[in-house]
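Colleague: I have a model open that I have never looked at before, and I would like to learn how to read it step by step. Could we go through it together?

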Amino acid sequence: MRKKEKVIEIILAAAAGITILTTIGIIWVLLSESVGFFSHVSVWDFLTDTQWTPLFADKHYGIMPLFSGTLLTTLIAIALALPVGLTVAVYLSEYAPRSFRAVIKPLLEILAAIPTVVYGYFALTVVTPFLQKIYPDLAGFNALSAGIVMGIMIIPLISSMSEDALYAVPKSLREASYGMGATRFQTAFKVLVPSASSGIIVSVILAISRAVGETMIVAIAAGQQPRLTFDPTVPIETITTYIVQVSMGDVARGTPEYQTIFAAGLTLFVFTLILNNISIRIKRRFQQKYE
Amino acid sequence: MKNIASILLVPALALMASCGGKTGEAGKGDSATSKLSGTVSVDGSSTVYPITEAVAEDFSGENKEVKVAVAESGTGGGFKKFGRGEIDINDASRPIKPTEDSLCKANSIGYQELLVAFDGLAVVVNPQNDWCKDMTVAELKMLWEPAAQGKIMKWSQVRKGWPDQEIHLFGAGSQSGTFDYFTEVICGKAKASRGDYTASEDDNVLVQGIKGDKNALGFFGMAYYEANQADLHLVGIDNGNGAVKPSIETVKNKTYTPLSRPLFIYVSSKAAVRPEVQAFVNYYLDNTAELSKEVGYVPMTAEEIASEKGKFDTFVKSLAPQK
């Protein structure tokens, strides 16, 4: 019996070990290839140059245009997903009858299960032409429709995590609010949402991480033109799109052009790492609050 | 796929028969097709490469014993090897230069130039664009050269009277032969281009981008324009003699310049005596029309192909006594 237990323990530890080894492997590849890149290009240039044209004659290696593209699509997505997701969460936890909730929740989850390539073509062939009817100067590839569709994709992420946070607010607070004569609406938005704010913030940060790393939607619908702009109507390029573009094209391995994708990947990795750390910190504070 | 193969085969066989009939004993190479073996080495232009690669693939499928090695060192790089006798066939996107010719002579290598297809690039805009009907080569250069990066951003900067709106550029990715060609003839140096445009090796991305954007302008192989005529408008190119729009005619009669050019293969006299090389070249000419169309070039007509086959037959015959 003891031996059996030991074997099981080892298997479990190995399973956990695989995830750690994978992470270490990824970090190793990113760092080792980036070292090659940064021996050609100074970190200062990488961070401050406003142009990104590593594949052309006049080479510039400024990550800012790609980073601004990522930031822009992410901001648009969050601007849509946060109000909608939060409203859905409040509705589901405070207003919706139990039976309706049982139907709507799985349906919402479906949004998260749609393959992102489908979302991408939805943005390109449905959302963009629709927006062009309202605003004719909108370019065929643009950050706006990619951002909107990405927002739709992350609604369930925000709504279900926020709902959990709302649900975790102690009953006493809710009852006290009603006891003071507050309406349901006042209770929801003046008491519950502020009390659950850290949980909601965590959900938003995780949604941001998801949006920052999203690839297919922006690769298909947002364009492939790195430019430093916050104009949502023109083609842009995100970090992820650039990586896809280079790895699918004919760029030779081992060249500085090829190494750019690792530097870009490292930037993305550092950014999401920071976001995840912030979310873990907030989560910790949130857990302590009601203990 | 089977169907396409059989459609291809019928005219190919007909041509072979007709050529064999005309030249009589030159058919020796063809009769040996069943027992061919050896290696055919090809190098040269990356523009011709896709056709050669497609031909080589089909040819090897039918002649399992013959290995066709296709590389792409560029037209110039290929001619260097060709002149030293290291390769059998050179793919070329321009005629041979005098210096390259003298290298061949120094190593007593003769050659036959054979036309295999025409390459044409189309400059296109969105159908809603009602101002840009034509452009001069100088305007294209001003718009695409490296110095334009971040500076030439509006239509009004390209020509007075054009709207004061942002211009959205789409073009071939920097790793493609199309990009090399466009930059070479427009900007004066291969790979010299601005970098702030939507660059993709996938022509469908470019078509999609231009057809959905009123302020777009882009360039790609003519074949993609033909497949998407309803969604795109051609821009006439003025090289000093008035604007000319690309079409099969203007590409072939050389009035659409500088964005069109003939593509060649050069067969070495040392290689042309080998039956597997003869079979490969004949197979190439028989199939180039269909395959060059597939990879996006302007194909040759049946008469043009017959004429090239005639040239090759004569070339092979002229070599026979020396052997």
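Modeller: We can take the chains, the strands, the cores and the interface in turn. Please keep in mind throughout that this is a predicted model.

Colleague: Let me start with chain A, then: how many helices and strands are there in it?

Modeller: Chain A has twelve helices and zero strands, and its C-alpha atoms fill a box of roughly 70 × 70 × 35 Å along the principal axes. Buried residues make up 40% of the 291 residues in this chain, and of its contacts with a separation of 6 or more, 73% are between residues 24 or more positions apart.

Colleague: Turning to chain B, in which sense do β1(B) and β2(B) pair, parallel or antiparallel?

Modeller: As a general idea, strands of a sheet pair through backbone hydrogen bonds, either parallel or antiparallel. In this case strand β1 (residues 38-44) and strand β2 (residues 66-70) of chain B pair in the parallel sense over five bridges, and B:G38 has B:V66 as its bridge partner in β2(B). Between these two strands the chain passes through helix α3 (residues 49-62) of chain B, in a β-α-β crossover that is right-handed.

Colleague: Which residue of β3(B) is the bridge partner of B:V42?

Modeller: The partner of B:V42 is B:I89, and it belongs to a parallel pairing in which three bridges join β1(B) to strand β3 (residues 89-92) of chain B. On from there, β3(B) pairs with β12(B) in the antiparallel sense over four bridges, with B:N90 and B:Y266 as bridge partners. Strand β12(B) also pairs with β4(B), again antiparallel, over nine bridges, and there B:L114 stands opposite B:I265.

Colleague: How many residues of β12(B) are buried?

Modeller: Strand β12 (residues 260-268) of chain B is mostly covered, with eight of its nine residues buried.

Colleague: And which residues have the most contacts inside the largest nonpolar core?

Modeller: In soluble globular proteins, nonpolar side chains tend to be buried together. Here the largest nonpolar core has 84 residues, and those with the most contacts inside it are B:V116, B:I265, B:V267 and B:F280; strand β4 (residues 111-125) of chain B gives the most to this core, with ten residues. Leaving aside residues up to four places away in sequence, B:I265 touches several residues, including B:V48, B:I89, B:L114 and B:V116. Apart from this core lies another, of 70 residues, among them A:F141, A:A146, A:L192 and A:F262.

Colleague: There is also an open sheet with β10 in it; what is the order of its strands?

Modeller: Three strands of chain B form that open sheet in the order β5-β10-β11, with mixed pairing, and the edge strands, β5 (134-136) and β11 (243-244), each pair on one side only. Strand β10 (residues 236-238) of chain B is joined to β11(B) by two bridges in an antiparallel pairing, where B:I237 stands opposite B:V244. Helix α6 (residues 137-144) of chain B lies across β5 and β10, running at about 80 degrees to β5(B).

Colleague: Finally, how many residues of the two chains are in contact?

Modeller: The contact involves 25 residues of chain B and 20 residues of chain A. On the side of chain B that touches chain A, β7 (198-200) and α9 (203-211) each supply at least two residues, and α9(B) gives the most, with four. By class, that side of chain B has five nonpolar, 13 polar and seven charged residues.

Conventions: Residues are numbered from 1 along each chain as its sequence is written. Chains are lettered from A and ligands numbered from 1 in the order in which they are written. Two strands pair if DSSP finds at least two bridges between them. Two residues are in contact if their C-beta atoms, placed from the backbone, lie within 7 Å. Axes are lines fitted to C-alpha atoms, for helices over the stretch in contact, and angles run from 0 to 180 degrees between N-to-C directions. Ala, Val, Leu, Ile, Met, Phe, Trp, Tyr, Cys and Pro count as nonpolar, Asp, Glu, Lys and Arg as charged, and the others, Gly among them, as polar. A crossover is right-handed if, with the strands pointing away from the viewer, the path from the first strand over the helix to the second runs clockwise. A residue is buried if 20 or more other C-beta atoms lie within 10 Å of its own, exposed if 12 or fewer, and partly exposed in between; C-beta atoms are placed from the backbone. A nonpolar core is a set of buried Ala, Val, Leu, Ile, Met, Phe, Trp, Tyr and Cys residues joined through C-beta atoms within 7 Å.
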